[in-house]
Protein chains: 2
Amino acid sequence: MNEKKSTLASVAKLAGVSIKTASRVVRRERNVSEKTRSNVEAAIRKLSYRPSIAARAAVGTRSYLIGLVFDNPNSDYIVDLLRGAIHQAREEGYHLIVEPVRSQHDYMVHDLRRLIIQSNLDGVLLPPPICDSPDVLAVLKEQKTPYVKIASSESFGGGLSVGMDDVSAAATMTRHLADLGHTNIGFVQGREGTSTTSRRLEGFQSAMQERGLAIKPEYIYEGDYTFKAGLLAGEQFFKLASPPSAIFASNDEMAAGLAMAAFRSGRSVPDDISIAGFDDSPISRMIWPPLTTIRQPIQAISQKAISLLINELRQIGNEDSVVTLHFDLITRGSTARLEPDMSY
Amino acid sequence: MNEKKSTLASVAKLAGVSIKTASRVVRRERNVSEKTRSNVEAAIRKLSYRPSIAARAAVGTRSYLIGLVFDNPNSDYIVDLLRGAIHQAREEGYHLIVEPVRSQHDYMVHDLRRLIIQSNLDGVLLPPPICDSPDVLAVLKEQKTPYVKIASSESFGGGLSVGMDDVSAAATMTRHLADLGHTNIGFVQGREGTSTTSRRLEGFQSAMQERGLAIKPEYIYEGDYTFKAGLLAGEQFFKLASPPSAIFASNDEMAAGLAMAAFRSGRSVPDDISIAGFDDSPISRMIWPPLTTIRQPIQAISQKAISLLINELRQIGNEDSVVTLHFDLITRGSTARLEPDMSY
DNA sequence: CTGAAAGCGCTTACAG
DNA sequence: CTGAAAGCGCTTACAG
């Protein structure tokens, strides 16, 4: 109950060494004898000592502050990212400074520069889409501030990067639908110009080819990641003489739109039509039946990103500057085996 | 471009005063002559000086760190709260430490205590539902850490509190439906036991009475804030011999479920049935037609909350310890005037 | 491998 | 109304 903050001095005293030596152990420097190290470590444990970030930062060279700069309309994504990043940062003795920006505004670059200087940020975490902003990367380079990009398009701008394999995830979903017996599979694309859009399409196409299934032009709809695009895609598909028996949308919102279109045309999901999404966003569980989808390990991604960044700051370095993490196929009620008597 | 961090010493030098006096101006203390003050303020502006939070914190008494502790599944709400809080905190020279917790876990209280001690938090911001946790309030009181509750149920636990008038918001929405000519108005409640649920019901009831409209028991459905509850509510309403011509759901997800039920029963929104939600959450714009709803000034609420908290920390004090902010009625496509020939 | 000294940018008592 | 001094908890050179 009566916890009190312990200091480096108290640790040093308990271990019978100088403050400097205690500091060396805390900071995992070399040149400490094994015996001294274990003595100090025992004292640290006993006093449950954690270095004061404030004092460290006061010294000047480092702030032990990492910025999470975001301009992303998807709050669920951001909060998940935040959870992973906070956890890892705290683990390594860093604080996280969250900064929401509006990338379309001119003063965004100015604000960012000010934030970096003012708060003396050691490094910055860059989720999409801001990770693909040349202006932002230019400021970071000008300020010589290290950064990690999350799910960036390719190796744009260099630097550290953590992401997921969209191509193989989309291929996995496509194979799932094929495995359920579907051969007429529709696909709804995301917004043109974003890297996920083309990579998810690529995964769909490669799996279709792999299974020897035809990709009919009328089964591909150019969407934009909105519910309404899914609704329109569904209306168009269901007007066809022979509509697809399964549709894979590039995200969950469009899949929800497809489900709405299905209901409006009197079709039942998944009995009459299987629908699959991507992202495992909350809407995938908000509608009925819930959506089969792809889950990204968002927290793991941001944890890894922080970890790469801190290794860089400590000049430990990283084996790979680009890390790709795995995804999960989540099967729920919106997809089902194609019943032979249902096909026309 | 070549900005550099300016220090209190540089400000003092430029203004021709001691560091201590410069500090007094920065901290808005009394006992500084008008002339000296304006000199120092000019120097501050010229050097665009901002105090180093780290150095301040190193001194010990204050950390200039405010914790935002949350356990809320609604990410959009949290991110909005975050925007307002970050903005205001930065404005006042504070940093925000974000801490996601899981209130059902036993170690949550332990983690919170540790966070407060470790990071030496000056104060804490408590959004719902954690603002109603007796355990959390107990830790805060034990640590003598000031806090502000957001949208707390009544004056539970004392302390500072900022929220919105749910009763009057629900009444406003009900009047809107009555003004459109609806007399048979259904209502879908939220989850039993939460304070918003009873307050929104209360607002509905009082406005109905005010307009002399009957509240039929079969027009009230006990929901739980989920999409599915809205779906089930709709199915039940539409089975009635004379269903309502307008339905007001206690949140947007349930309203979206109602819309889905309407479509499935072959009804058109808003021509056959008007539907209204509450919260102005993203789903209200994700479905078609978009929902008429109530918008809470979430960012303004968290700004005000931070401002109250900091006044408390500075021992300036606040006029009111409980602040209620206003809401907006957002009319969109899901509600329409009741056409005489449509009523049966 | 270990330590005594100086200093980070600020604030808190204490004087005048 | 204003200032010189001491110190916050740590780190960075510099010695030995």
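The surface near DNA strand C, in this predicted model, is made up of twelve nonpolar, ten polar and four charged residues. In total, 26 residues surround the strand, and the ones that come closest are Ser18(A), Thr21(A), Thr7(B), Leu8(B) and Ala55(B). Both protein chains chip in here: helix 2 and helix 4 of chain A, along with helix 1 (8-15), helix 2 and helix 4 of chain B, each supply at least two residues of that surface.

Turning to DNA strand D, 27 residues lie around it, with Thr7(A), Leu8(A), Ser18(B), Thr21(B) and Thr36(B) coming nearest. Helix 1 (8-15), helix 2 (19-26) and helix 4 of chain A each give at least two residues to the surface near strand D, and so do helix 2 (19-26) and helix 4 (53-59) of chain B. By class, this surface splits into twelve nonpolar, ten polar and five charged residues.

Then there is the contact between the two protein chains, which draws 33 residues from chain A and 32 residues from chain B. On the chain A side, two or more residues apiece come from helix 4 (53-59), helix 5 (75-91), strand 2 (95-100), helix 6 (108-118), helix 10 (227-239) and helix 11 (252-264). Helix 5 of chain A makes the largest contribution to that side, with seven residues. Sorted by class, the side of chain A that touches chain B holds 20 nonpolar, five polar and eight charged residues.

Within chain A, the domain assignment gives domain 1 (8-51), domain 2 (59-164 + 298-326) and domain 3 (166-295 + 330-342). The centres of domain 2 and domain 3 of chain A, taken over C-alpha atoms, sit 33 Å apart. Where these two domains meet, the contact involves four residues from domain 2 of chain A and five residues from domain 3 of chain A. The domain 2 side of that contact comprises one nonpolar, one polar and two charged residues.

Helix 7 (residues 134-142) of chain A has a buried side, with Val136(A), Leu137(A), Val139(A) and Leu140(A) all buried. Looking down the axis of helix 7 of chain A, these buried residues fall within an arc of 155°, so they line one face of the helix. Among the elements that cover them are helix 6, strand 3 (123-126) and strand 4 (147-150) of chain A. On the face turned away from the buried side, helix 7 of chain A carries the exposed residues Pro134(A) and Ala138(A). After helix 7 of chain A comes Lys144(A), with a positive phi near 55°.

As for the interior, the largest nonpolar core counts 183 residues, and Leu125(A), Leu258(A), Leu125(B) and Leu258(B) touch the most other members. Setting aside neighbours within four places in sequence, Leu258(A) is in contact with Val188(A), Gly230(A), Ala233(A), Gly234(A), Ile247(A), Ala249(A) and Ile275(A).

Over in chain B, Ala171(B) is part of helix 8 (residues 166-179). Ala171(B) counts as buried because it has 21 C-beta neighbours inside 10 Å, the cut-off being 20 or more. Leaving out neighbours within four places in sequence, Ala171(B) is in contact with Gly203(B), Ser206(B) and Ala207(B). Ala171(B) and Gly203(B) are 32 residues apart in sequence, yet their C-alpha atoms are 4.3 Å apart in space.

Key:
Residues numbered from 1 in each chain as written. Chains lettered and ligands numbered in written order. Predicted model: local features only at pLDDT ≥ 70, side-chain atom pairs only at ≥ 80, totals over all residues. Contact = placed C-beta atoms within 7 Å. Helix = DSSP H or I, 4+ residues; strand = E, 2+ residues; numbered from the N terminus. Nonpolar A, V, L, I, M, F, W, Y, C, P; charged D, E, K, R; others polar. Near = placed C-beta within 6 Å. Domains from an automatic or database assignment. Buried ≥ 20, exposed ≤ 12 C-beta atoms within 10 Å, placed from the backbone. Arc of directions from axis to C-beta. Core = buried A, V, L, I, M, F, W, Y, C linked by C-beta atoms within 7 Å.
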